[in-house]
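Work through the exercises below with the sequence and the coordinates side by side. Each task is followed by a solution that proceeds step by step.

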Amino acid sequence: MLEICSLGHACYTISTDGLTLITDPFLSDNPDAVCTPDDLAPDYILVSHGHHDHTGDAVQLSKSCKAPVIGVFELCSFCERHGADTMPMHIGGGRDFEFGRIKLTPALHGSGVVHDEFIEYTGMPCGFLITIADTNVYFAGDTGLFGDMELIARNINLDVAILPIGDNFTMGIDDAVTAAEMLQPRIVIPTHYHLFELIRTDPGGFADRLADIGVQCRILEPKETMSV
Ligand code: NI
Ligand code: MN
């Protein structure tokens, strides 16, 4: 059995049998956060791209939990320079783990860490196709809609797709519905729609649209857990 818990914004824990993955651990600076990094003990830290609402506490968590950051090579190199353990991968590449497999997927977005006078680019943004406890979870990351999403699910049955719906910086609801049509997951979890005013939207309206195409939507409030 697999449990997915929302920790606010794009941060989720995905847990099975005492093993926990965490995505985009933005907690200390997140006004919506429901826990602190000290409350967590992930085994792997998946970071989709270098924007601060995704890298968040990744380096600190890696140091305190001795857990590697998984992401594209350039972002891992940034994290490593700041003291994190890393397992660099790249888009299109997969790797087997004791719990299953992770493959990095493309994402249409940017990726960089903003310093006072410059942006330090951290390679390509990515998503993650995670197979854990015989369950397939697609965490899209921050992304616009792209046609190759169809390829991501071509040869597997997706159980869960975690898709951004907040618009402006990522897909909005219309495009996320199209993404769900291409991906055909059993369940969609909408994400990235509440942190600030510009991206605020109604996940209930999204759920209605998914119902029309026969896809189940599960809206997870921060701290809410679902079993898959
Ligand atoms: Ni971003
Ligand atoms: Mn973001």
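**Exercise 1. The largest pocket**

Which helices and which strand each supply at least two residues of the lining of the largest pocket?

Solution. Keep in mind from the start that this is a predicted model. Begin with the extent of the space: the largest pocket has a volume of about 350 Å³. Next, look at its centre: 22 residues line this pocket, and Gly50, His51, His52, Asp53 and Thr55 are the closest to that centre. Then assign the lining to secondary structure, where α1 (52-55), α2 (58-65), α3 (73-81) and β9 (112-114) each turn out to supply at least two residues. Finally, sort the lining by class, which gives nine nonpolar, ten polar and three charged residues.

**Exercise 2. The second largest pocket and Ser6**

Determine what lines the second largest pocket, and then decide whether Ser6 is buried or exposed.

Solution. The second largest pocket has a volume of about 190 Å³. Of its 14 lining residues, those closest to the centre are His9, Tyr193, His194, Leu220 and Pro222, and by class the lining comprises six nonpolar, six polar and two charged residues.

Turning to Ser6, first place this residue in strand β1. Its relative accessible area is 2%, and because the limit for burial is under 20%, Ser6 counts as buried. Leaving aside neighbours within four places in sequence, the contacts of Ser6 are Cys11, Tyr12, Leu220, Glu221, Pro222, Lys223 and Glu224; Leu220 and Pro222 were also named among the residues closest to the centre of the second largest pocket.

**Exercise 3. The partners of β1**

Find the strands to which β1 is joined by bridges, and state how they run.

Solution. On one count, β1 (residues 3-6) is joined to β2 (residues 12-16) by four bridges, and the two run antiparallel; within this pair, Glu3 has Ser15 as its bridge partner. The connection between β1 and β2 is a hairpin with five residues between the strands, and Gly8 in the turn has a positive phi of about 100 degrees. On the other count, three bridges join β1 to β16 (residues 225-227), again antiparallel, and here the bridge partner of Cys5 is Thr225.

**Exercise 4. The seven-stranded sheet**

Establish the strand order of the open sheet of seven strands, and identify its edges.

Solution. Start with β7 (residues 94-97) and β8 (residues 100-106), which pair in the antiparallel sense over four bridges; a hairpin of two residues joins them, and Phe97 stands opposite Gly100. Continue from β8 to β11 (residues 126-132), where seven bridges join antiparallel strands and Leu104 stands opposite Phe128. Further along, β13 and β14 (residues 187-191) pair in the parallel sense over five bridges, with Val160 and Ile187 as bridge partners. The complete order is β7-β8-β11-β12-β13-β14-β15, an open sheet of mixed pairing. The edge strands are β7 and β15 (216-217), each of which pairs on one side only.

**Exercise 5. The nonpolar cores**

Which residues have the most contacts inside the largest nonpolar core?

Solution. The largest core has 49 residues, and within it Ile102 and Ile130 have the most contacts. Apart from it lies another core, of 25 residues, including Ile152, Ile165, Ala176 and Ala207. Returning to Ile102, and not counting residues up to four places away in sequence, one finds that it touches Leu46, Ile70, Met89, Gly93, Gly94, Arg95, Phe97, Phe128, Leu129 and Ile130.

**Exercise 6. Positive phi and loop positions**

Locate Asp24 and Gln184 in the chain, and describe their phi values.

Solution. Asp24 is placed in the loop between β3 (19-23) and β4 (44-46). The phi of Asp24, a residue other than glycine, is positive and near 30 degrees, and at 0% relative accessibility Asp24 counts as buried. Gln184 lies in the loop between α5 (173-183) and β14, and although it is not a glycine, its phi is positive, at about 50 degrees.

As a last step, relate Gln184 to Arg154: their C-alpha atoms are separated by 9.4 Å, while the two residues are 30 residues apart along the chain. Arg154 itself is in the loop between α4 (149-152) and β13 (160-164), and its relative accessible area of 51% makes it exposed, because the threshold is over 50%.

Note on methods:
Residues are numbered from 1 along each chain as its sequence is written. Chains are lettered from A and ligands numbered from 1 in the order in which they are written. This is a predicted model: local features need pLDDT of at least 70, side-chain atom pairs count only at pLDDT 80 or more; totals for chains, interfaces and linings use all residues. Side-chain values use heavy atoms; hydrogens and water are left out. A nonpolar core is a set of buried Ala, Val, Leu, Ile, Met, Phe, Trp, Tyr and Cys residues joined through side-chain atoms within 4.5 Å. Buried means under 20% relative accessible area, exposed over 50%, partly exposed in between (1.4 Å probe, protein chains only). Contact means heavy atoms within 4.5 Å. Two strands pair if DSSP finds at least two bridges between them. On a 1 Å grid over the protein atoms alone, a cavity is a set of points where a 1.4 Å probe fits but cannot get out, and a pocket is an open set with protein on both sides within 12 Å along at least five of seven lines; lining residues have an atom within 4 Å of a point. Grid points are joined across faces, edges and corners, and a volume is the space filled by probe spheres set on the points. Ala, Val, Leu, Ile, Met, Phe, Trp, Tyr, Cys and Pro count as nonpolar, Asp, Glu, Lys and Arg as charged, and the others, Gly among them, as polar.
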